[in-house]
Amino acid sequence: MANKPTTNLKFKTVINKNTFYFFNQDYEQKYEGYLNSLKEILLMLKNEIDTKGLKKKYFEALLIDKENGLRALLALTGFSNETLKRLTTIIRVVNDPELSKLVYKDKWFQNDDIDNLTEWSDEKITKLIKENKYFRKGIINIFFEGSSIPFLTKTVPLFELKKLSISKLKFELPEMIDTLIRYKEKGSYSGMRENNPELLIEKILINLDIPFEKGDLSKLKNSAPDNKRTMDFIVPNQRKPLIIVESSFLATTSSGQGDKSKTEISIEKLIKSHYPKARFIGFVDGVGWYVRKGDLKRMVSAYDDVFTFHKDELRRFEKLLIKIFL
């Protein structure tokens with residue numbers, strides 16, 4: 001192609017002509033209107049609760065009468081729409097009697113094929129809330145009483161469980177401040193190393209006194225520099241690995257899950273080519289993978305074996321290490 005700009009010129013174009021932020025003025029106005037509607041909905045709800053007391057029927061009316069009623073309830077509690085969708089999936093999957101009774105599960109959950117269960121869309125959940133009073137009552141009950149259900153206290157992280165507080169529904173000031181803090185700190189909380197389940201793998205290796213390394217596999221670094229990737233655990237070392245572990249725990253879904261599974265398949269081929277004696281192990285877990293079964297099937301096909309962070313699976317991994325190294 002004639003007169004193709006140089007890399008340096010293209011670089012300077014992005015630097016010198018950078019607009020820093022993009023916004024559509026019309027969309028900004030429209031979205032401000034949406035935000036204002038949520039605020040007005042919550043102010044009216046607060047006034048009703050302040051004058052008549054906290055009652056579930058006010059929240060039911062909120063979900064029935066207001067187009068953005070569910071969004072307002074989520075904003076009040078700090079519970080994200082994604083978390084609500086994951087929780088709805090978990091409720092459909094598990095058979096905990098107390099939880100099922102709380103959400104009237106037998107009144108709205110029928111004929112689902114658990115093995116091929118997919119996550120309900122926002123539209124499906126909104127439609128059920130409007131049309132099925134038991135599903136609607138169940139959602140309200142989760143926000144009123146969810147934190148008292150033993151299954152949820154054992155399954156939902158405390159950071160999220162604290163959002164299911166009846167004090168938030170009363171608009172109590174300390175709880176409003178708590179919601180603000182959790183909104184602000186959610187990103188930092190999620191990114192903390194202490195919250196990474198890989199630490200459980202590391203702890204097992206350290207307790208068994210089995211050496212391990214992290215980083216690039218040397219042969220891949222030289223032969224496939226564009227396709228190699230940093231490995232989570234290389235046991236016992238990069239020079240002669242016997243076990244190579246990759247970990248993926250997802251509590252949310254993303255469009256990148258399909259690409260990730262394809263990447264793992266290409267890495268598996270490289271490992272088999274350059275390290276035929278090494279086992280490629282995957283730790284794949286989280287409700288984010290549970291609801292993306294197509295991507296999950298491709299993902300697990302890349303590994304020689306797959307584990308989760310369930311205590312039974314961690315014990316199985318420990319036994320595998322003992323069998324190979326001790």
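Is Phe283 buried or exposed? Phe283 is buried, with a relative accessible area of 0%. Keep in mind, as you look around, that this is a predicted model.

**Aromatic rings**

Let's stay with Phe283 for a moment. Its ring pairs with that of Phe309, and the pair counts as tilted, with 5.1 Å from centre to centre and 35° between the planes. The tilted label applies because the angle of 35° is neither under 30 degrees nor over 60. The two partners come from distant parts of the chain, 26 residues apart: Phe283 belongs to strand β4 (residues 279-285), while Phe309 sits in the loop between β5 (305-307) and α19 (311-325). Phe309 is buried as well, since its relative accessible area of 11% falls under the 20% cut-off.

Both rings also take part in a wider group: Phe249, Phe283, Phe307, Phe309 and Phe317 make up one aromatic cluster. Across the structure, the count of aromatic pairs comes to 17.

Aromatic rings meet charges here too. Two lysines have their charged ends placed over a ring, as listed below.

| Lysine | Ring | Distance to ring centre |
|---|---|---|
| Lys105 | Phe109 | 4.9 Å |
| Lys124 | Trp120 | 5.1 Å |

**Helix packing**

Now turn to the helices. Helix α2 (residues 25-52) packs with helix α4 (residues 69-77) at an angle of about 75°, and their axes are 9 Å apart. That angle makes α2 roughly perpendicular to α4. Which residues of α2 and α4 meet? On the α2 side they are Tyr34, Leu38, Ile41 and Leu42, and on the α4 side Arg71, Ala72, Ala75 and Leu76. By type, the residues of this contact comprise seven nonpolar, one charged and no polar.

Arg71 turns up again in the surroundings of Asn81, a residue of helix α5 (residues 81-93). Neighbours within four places in sequence aside, Asn81 is in contact with Arg71, Leu74 and Asp122. Asn81 counts as buried because its relative accessibility is 17%, under the 20% limit.

Helix α3 (residues 56-65) offers another set of buried residues: Tyr58, Phe59, Glu60, Leu62 and Leu63. What do the buried residues of α3 pack against? Their partners are α2 and α4, the two helices described above, together with α8 (122-131), α9 (133-145) and α12 (166-169).

Conventions
Residues are numbered from 1 along each chain as its sequence is written. This is a predicted model: local features need pLDDT of at least 70, side-chain atom pairs count only at pLDDT 80 or more; totals for chains, interfaces and linings use all residues. Side-chain values use heavy atoms; hydrogens and water are left out. Axes are lines fitted to C-alpha atoms, for helices over the stretch in contact, and angles run from 0 to 180 degrees between N-to-C directions. Helices (H or I, at least four residues) and strands (E, at least two) are DSSP runs, numbered from the N terminus. Angles under 35 degrees count as roughly parallel, over 145 as roughly antiparallel, 65 to 115 as roughly perpendicular and the rest as oblique. Contact means heavy atoms within 4.5 Å. Ala, Val, Leu, Ile, Met, Phe, Trp, Tyr, Cys and Pro count as nonpolar, Asp, Glu, Lys and Arg as charged, and the others, Gly among them, as polar. Rings of Phe, Tyr and Trp (its six-membered ring) pair if their centres lie within 6.5 Å; planes under 30 degrees apart count as stacked, over 60 as edge-to-face and the rest as tilted. Buried means under 20% relative accessible area, exposed over 50%, partly exposed in between (1.4 Å probe, protein chains only). A charge sits over a ring if NZ of Lys or CZ of Arg is within 6 Å of the ring centre and within 35 degrees of the ring normal.
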